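Trainee: Got a minute to go through this model with me? I'd like to start with one strand pairing and work outwards.

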Amino acid sequence: MGKVLNGKELAERLNSELKNKINLDYQRTGIKPKLAAILVGDDPASKLYITIKRKTCAEIGIDSTLVKLNRECTKAELFTKISELNNDTTVHGIILQLPLPVKFKPFTLEFIEKIDPLKDVDGLHPINKGKLFDYNEEIVPATPKGIITLLEYYNVELKGKHVVIINRSNLVGKPLIFMFLKRNATVTVCHTSTSDLENHIKKADILVVAIGQPDFITKDKIKEGVVIIDVGTSRVNGKTRGDVNFEEVLGTCSWITPNPGGVGPMTVSFLLQNTYNAYKRQISE
Ligand SMILES: NC(=O)c1ccc[n+]([C@@H]2O[C@H](COP(=O)([O-])OP(=O)(O)OC[C@H]3O[C@@H](n4cnc5c(N)ncnc54)[C@H](OP(=O)(O)O)[C@@H]3O)[C@@H](O)[C@H]2O)c1
C-alpha cells in the first residue's frame, strides 16, 4: 500500500517556521519582506493564483502588492512597471504572472529578463536558470523545489533511481532535470513527441507527471513500488483533479502525493521561502 507524501502538512510546518523567522527579522530590522505580483489582463485562473499567493503571504507576515495592467497596455508600459519595481527598495520579490495575454506571449522571456535577478522569486531569469545548470539552487522555481524537499523530507532514496518526468516546461520539468541529477538520479524527460511513452512510464522508479490531464496515470501503466509525484491540475465538476488516478494506483505505488494536498501547498510555501531569501539578500543589517 502506497504511503502519502503529505505536502499540505509539511508546507504548514515550513510556513509556520518561516513566519517565526520573519517575525524575528522584522523585530530586529523594522523591515518586512514584500512581494510584488504583476498581472496583465484579467484571466480568471491567474487572478485566483495571485489571490491565493497574496493570502498566504499575509498569513505569514510578507507584505504584498498587486500591480494590475490592462490587456491593452503596451510593451513599454510593462517594461516601465518592471523597472519601477526593480528600483523600489521596499519590494524584495517580483512575480510576473504567466501566461501573459496572447499578444505578449512571444515576448515573455524579454519581460522576465528585465526583472532584477535578485528579485526573481520565480527563478525564471536566465541568470538564475544558468546557476541551476551548475547545480546552484540559490533561486529555483518553487514547484521543483517543493517536490525535491518533499521527497527528501520523507527520506525517499533518489541516488541511482530512474526518474521519469512527463513535462519539459521551464517551471517544472527542466529545473527538475538538474535537481535530480545533482542527487545522482538518472533522468528521462518525456513530452508530447515522446514515442512509446507507456514504455518509459513503466520503467520509472520515480514518476513525475505534470501534464494537466485527469486520470492519465492508471494502475496498469506503472511499475510495482514506483514513487509518484502528481503535479498536474485540472478542474473536473468544480473539483481539483491531478493527473493520477490516486485510488487506483495506491495499492501498487510505494509513495504518492495526493492532489490536491501534495505539490500545490509546497509550491506556495517555496514561493514564500524564495521571497524571504530574496529579502535576506537585499536588506542590509
Ligand atoms: N500543483 C502545483 O503547484 C503546480 C505548479 C505548476 C504546474 N502545475 C500544473 O502542472 C501542469 C503543467 O504545468 P506547466 O506550467 O508545466 O504546463 P505546460 O507548460 O503546458 O507544460 C506541459 C508539459 O506536459 C507535456 N504534455 C502535455 N500533454 C502530454 C501528453 N499527453 N503526453 C506527454 N506529455 C504531455 C507538454 O509537452 P510539450 O512540451 O511537447 O508540449 C509539456 O512539456 C498543469 O496542469 C499545471 O496546472 C501545478
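Mentor: Sure. Start with S1 and strand S11 (residues 255-256), which run parallel and are joined by two bridges. Within that pair, Lys3 sits opposite Trp255 in S11. Two strands count as paired if DSSP finds at least two bridges between them. Helices (H or I, at least four residues) and strands (E, at least two) are DSSP runs, numbered from the N terminus.

Trainee: Before we go on, what kind of model is this, and how are residues numbered?

Mentor: This is a predicted model: local features need pLDDT of at least 70, side-chain atom pairs count only at pLDDT 80 or more, and totals for chains, interfaces and linings use all residues. Residues are numbered from 1 along each chain as its sequence is written.

Trainee: OK. Which sheet order do the six strands have?

Mentor: The order is S1-S11-S8-S7-S5-S6, in an open sheet with parallel pairing.

Trainee: And which strands stand at the edges?

Mentor: Strand S1 (3-4) and strand S6 (186-190). Each has a single partner strand, so one side of each is left without a neighbour in the sheet.

Trainee: What about S2 and S3, how many bridges join them?

Mentor: Seven bridges join strand S2 (residues 34-40) to strand S3 (residues 63-69), and the two run parallel. As one example, Leu39 has Lys68 in S3 as its bridge partner. From S2 the chain passes through helix H2 (residues 44-60) to reach S3, a right-handed β-α-β crossover. Right-handed here means that, with the strands pointing away from the viewer, the path from the first strand over the helix to the second runs clockwise.

Trainee: Zooming out, how many helices and strands does the chain have?

Mentor: The protein chain has 10 helices and 11 strands. Its radius of gyration is 19 Å, close to the 19 Å that the globule rule gives for 285 residues, so the chain is as compact as a globular protein of that length. That radius is taken over C-alpha atoms, and the rule is 2.2 Å times the number of residues to the power 0.38. Along the principal axes, the C-alpha atoms fill a box of roughly 55 × 45 × 40 Å.

Trainee: What share of it is buried?

Mentor: Buried residues make up 39% of the 285 residues. A residue is buried if 20 or more other C-beta atoms lie within 10 Å of its own, exposed if 12 or fewer, and partly exposed in between, with C-beta atoms placed from the backbone.

Trainee: Now the ligand. Which residues come nearest?

Mentor: Ser169, His191, Thr192, Gly212 and Thr267 come nearest, out of 23 residues around the ligand. Being near means that the C-beta atom, placed from the backbone, lies within 6 Å of the molecule or strand in question. Helix H10 (residues 263-282) gives the largest share of that shell, three residues.

Trainee: How does the shell split by class?

Mentor: Nine nonpolar, 13 polar and one charged. Ala, Val, Leu, Ile, Met, Phe, Trp, Tyr, Cys and Pro count as nonpolar, Asp, Glu, Lys and Arg as charged, and the others, Gly among them, as polar.

Trainee: Different topic: is Val226 buried or exposed?

Mentor: Val226 is buried, with 25 other C-beta atoms within 10 Å. You'll find Val226 in the loop between strand S7 (206-209) and strand S8 (227-230). Leaving out residues up to four places away in sequence, Val226 touches Ala204, Asp205, Leu207, Cys253 and Ser254. Contact means C-beta atoms, placed from the backbone, within 7 Å.

Trainee: Any backbone oddities I should look at? Where are the cis peptide bonds you'd show me?

Mentor: One runs from Leu98 to Pro99, with omega near 0°. Pro99 is in the loop between strand S4 (93-96) and helix H4 (108-114). Another joins Asn259 and Pro260, with omega about 10°, and Pro260 is in the loop between S11 and H10.

Trainee: And what about phi of Tyr135 and Asp196?

Mentor: Tyr135 has a positive phi of about 65° although it is not a glycine. Tyr135 lies in the loop between helix H5 (126-133) and helix H6 (142-153), and counts as exposed with 11 C-beta neighbours inside 10 Å. For Asp196, phi is near 55°, also positive in a residue other than glycine. Asp196 is in the loop between S6 and helix H8 (197-203) and counts as exposed, with 9 C-beta neighbours inside 10 Å.

Note on methods:
Two residues are in contact if their C-beta atoms, placed from the backbone, lie within 7 Å.
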